[in-house]
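Student: Could you take me through one part of this structure up close? I'd like to see how the two halves of the chain sit against each other, and what goes on around that.

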Amino acid sequence: MSKITAAITAVGAYVPDYVLTNQILETMVDTNDEWITTRTGIKERRILKGEGKGTSFLAIQAAKDLIAKKGIDPKDIELVIVATATPDMKAASTSAFTATQIGAVNAFSFDLEAACSSFLYGMSTAAKYIESGRYKNVLLIGADKNSSMINYEDRATCIIFGDGAGAVLFEPNEEGYGLQDEYLRSDGSGREFLQAKYGGSSYPTTVEALENKEQYVFQDGRTVFKNAVSNMADVAVKILERNNLTNNDISWLVAHQANKRIIDATASRMELDEDKVMMNIHKYGNTTSATLPLLLNDYESKLKKGDKLIFAAFGGGFTWGAIYLNWAYNS
Ligand code: UT7
C-alpha cells in the first residue's frame with residue numbers, strides 16, 4: 001500500500017457583513033488612509049457585530065459553507081479542530097460547540113492556539129491524524145473575532161485586525177497530493193511584544209486593569225515587524241531548499257496576512273513573482289487564524305491539481321513556520 005498523505009479536499013469561508021474602512025477609522029483615531037495603505041496594505045476589514053456572537057459564530061458559518069460546497073454529511077466528520085486566538089469563553093471548548101452546531105455529532109474536537117500561526121500549526125496537526133491512517137475526515141477551521149480584544153482608541157492595533165473564518169477538509173490521499181513537509185518554530189522570548197496581558201491566568205482581570213484598558217491587545221509593532229520579516233522569510237527559504245525546490249517550481253505563496261510589506265519581503269527572499277503571491281489583506285486586514293484559509297477560499301478557482309503551495313506564518317509568542325503542500329483538486 002502506498003504512503004498516506006493528508007490532502008486538502010474542500011475549502012469554505014465566512015466574513016461578517018460590517019465593513020470597517022480606513023475612512024471610518026480616520027474618524028475614530030488619529031490616522032489616515034494614506035498611512036494605513038502604505039504601511040500595511042490594508043483598506044478595510046470585517047467586524048462581527050451582535051450580542052453574544054463570538055468566534056464560534058464565524059467558525060460555524062465557514063464550516064457550513066464548506067459542507068454545502070463539498071456536499072458532505074457532517075456526521076462523517078471525525079475531528080473538528082478550531083484554530084483560534086479568541087475562543088468564545090474560558091474553560092468551554094469553542095470547537096465542541098462548533099462541531100455540535102454544524103451537526104458533526106460523531107466527531108471529537110479541540111481548540112488549538114498559537115496566535116497568528118494557529119492555522120499553520122493546525123494544518124500540521126490535522127495532517128498527522130490523517131497520515132496515521134486512523135482518521136478519514138478532519139475539519140480544520142481558522143477563526144478569530146479579533147475585534148473582541150482590540151482597543152478602538154489605539155491606532156497602533158485597531159487599524160490592523162479584522163474578524164473572519166475559513167475552513168478546510170483534510171482527507172487521505174494515496175497519489176502523493178497534500179502536505180509534503182513542514183518546519184515549525186516558536187520562541188517565547190517574544191511574548192512581551194504582542195499580547196493581551198489581562199484576562200488570562202497570569203493576570204486575571206481587575207477593575208484597575210479594565211480602567212487602564214490592559215485587557216486589550218498591545219503590540220510593539222516595530223519589533224514584531226522585524227522578527228516577522230526575517231523569520232518568515234527564513235523558514236520559507238529553508239523549506240524550498242530542503243525539498244530541492246526553486247522559485248519556478250512554486251505555484252503560490254500562501255502567507256499570513258499581517259502586513260503587505262512582510263509578505264512582499266518573504267516573496268522577494270524566495271525570488272517569487274508577484275503574480276504567485278496570494279493577497280487579500282486589503283479586504284480583510286489581519287484575521288489571525290483565518291488569513292490562510294481565507295486566501296485559499298479567495299483563490300480556490302485559480303488553484304490546479306498538482307500546484308505546489310508554500311504556506312508561511314508568523315505570530316505572537318513568537319510562533320512561526322512554513323508548510324509545503326501539493327494541491328489535490330481542480331475546482
Ligand atoms: O500577525 C501577528 C504579527 N503581527 C505583525 O506581523 C505586525 C507587525 N508590525 C507591523 O505591521 C507594523 O509595525 C505596524 C503596521 C504595526 C506599524 O508600522 P511601522 O512602520 O512599524 O510604524 P511604527 O510603529 O514604527 O511607527 C511609525 C510612526 C510613529 O510615529 P513617529 O514616532 O515616527 O512620529 C507612529 O506613532 O507612525 C506612527 N503611527 C501611525 N500614524 C498614523 C503608528 N500607527 C499609526 C497610525 N496612523 N495608525
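Tutor: Here is a walk through the domain interface and its surroundings.

Keep in mind that this is a predicted model. The chain is split into domain 1, residues 5-176, and domain 2, residues 179-326. Taken over C-alpha atoms, their centres lie 14 Å apart. On the domain 1 side, 58 residues are in contact with 47 residues of domain 2. Together the two domains bury about 3,900 Å² between them, and 59% of that is on carbon and sulfur atoms. C116, L120 and Y121 supply 16% of the area that domain 1 buries against domain 2, more than any other three residues.

Now for the polar side of that interface. The rule finds 23 residue pairs in polar contact across it, with both partners at pLDDT 80 or more. On the domain 1 side, the elements giving two or more residues are β1, α2, β3, α3, α5, β6, α6 and β7. Helix α5 makes the largest share of that side, with 9 residues. The rule also finds 2 salt bridges between domain 1 and domain 2. As for K69 and E300, their side chains meet in a salt bridge at 2.9 Å, N to O.

Next, helix α11, residues 291-299. This helix is mostly covered, with 7 of its 9 residues buried. Those are T291, L292, P293, L294, L295, L296 and Y299. The cover over them includes β1, α5, β7, β11, α10 and β12.

One of those covering elements, strand β12, deserves its own look. It spans residues 308-315, and 7 of its 8 residues are buried, so the strand is largely enclosed by the rest of the structure. Strand β11, residues 252-255, pairs with β12 in the parallel sense over 4 bridges, and W252 stands opposite L309 there. Strand β13, residues 319-326, runs antiparallel to β12 and is joined to it by 8 bridges. In that pairing A313 of β12 faces G321 of β13. The hairpin of β12 and β13 has 3 residues between the strands, and G317 takes a positive phi near 130° in it.

T84 is worth zooming in on too. You'll find T84 in the loop between β4 and α4. T84 counts as buried because its relative accessibility is 2%, and the cut-off for buried is under 20%. Its side chain has two polar partners to look at: the side chain of T84 reaches the backbone oxygen of A143 at 2.7 Å, and a polar contact of 2.9 Å joins the side chains of T84 and D144. Leaving aside neighbours within four places in sequence, T84 is in contact with T55, L112, E113, S118, A143, D144 and S289.

Back to salt bridges, this time for the structure as a whole. The count comes to 9 by this rule. Among them is R155 with D30, where the closest N and O atoms are 3.7 Å apart. R155 lies in helix α6 and D30 in the loop between α1 and α2, so this pair ties together parts that are 125 residues apart in sequence. R155 counts as partly exposed, at 49% relative accessibility, whereas D30 is exposed, with a relative accessible area of 63%.

Then there's D33 with K43, whose closest N and O atoms are 3.1 Å apart. Here D33 lies in helix α2 and K43 in the loop between α2 and β3, so the pair ties together parts that are 10 residues apart in sequence. D33 is buried, with a relative accessible area of 18%, while K43 counts as partly exposed at 36% relative accessibility.

Another one sits within a single helix. The side chains of D264 and K260 meet in a salt bridge at 2.9 Å, N to O. Both residues lie in helix α9, residues 260-269, and they are 4 residues apart, about one turn of the helix. D264 counts as partly exposed at 31% relative accessibility, and K260 counts as partly exposed at 28%.

How values were computed
Residues are numbered from 1 along each chain as its sequence is written. This is a predicted model: local features need pLDDT of at least 70, side-chain atom pairs count only at pLDDT 80 or more; totals for chains, interfaces and linings use all residues. Side-chain values use heavy atoms; hydrogens and water are left out. Buried means under 20% relative accessible area, exposed over 50%, partly exposed in between (1.4 Å probe, protein chains only). Two strands pair if DSSP finds at least two bridges between them. Contact means heavy atoms within 4.5 Å. Domain bounds come from an automatic or database domain assignment. Buried area is the accessible area (1.4 Å probe) that two parts lose on being put together, summed over both. A salt bridge is a side-chain nitrogen of Lys or Arg within 4 Å of a carboxyl oxygen of Asp or Glu. A polar contact is a pair of N or O atoms within 3.5 Å; within protein, one must be able to donate a hydrogen and the other to accept it, and residues adjacent in sequence count only if both atoms are side-chain atoms.
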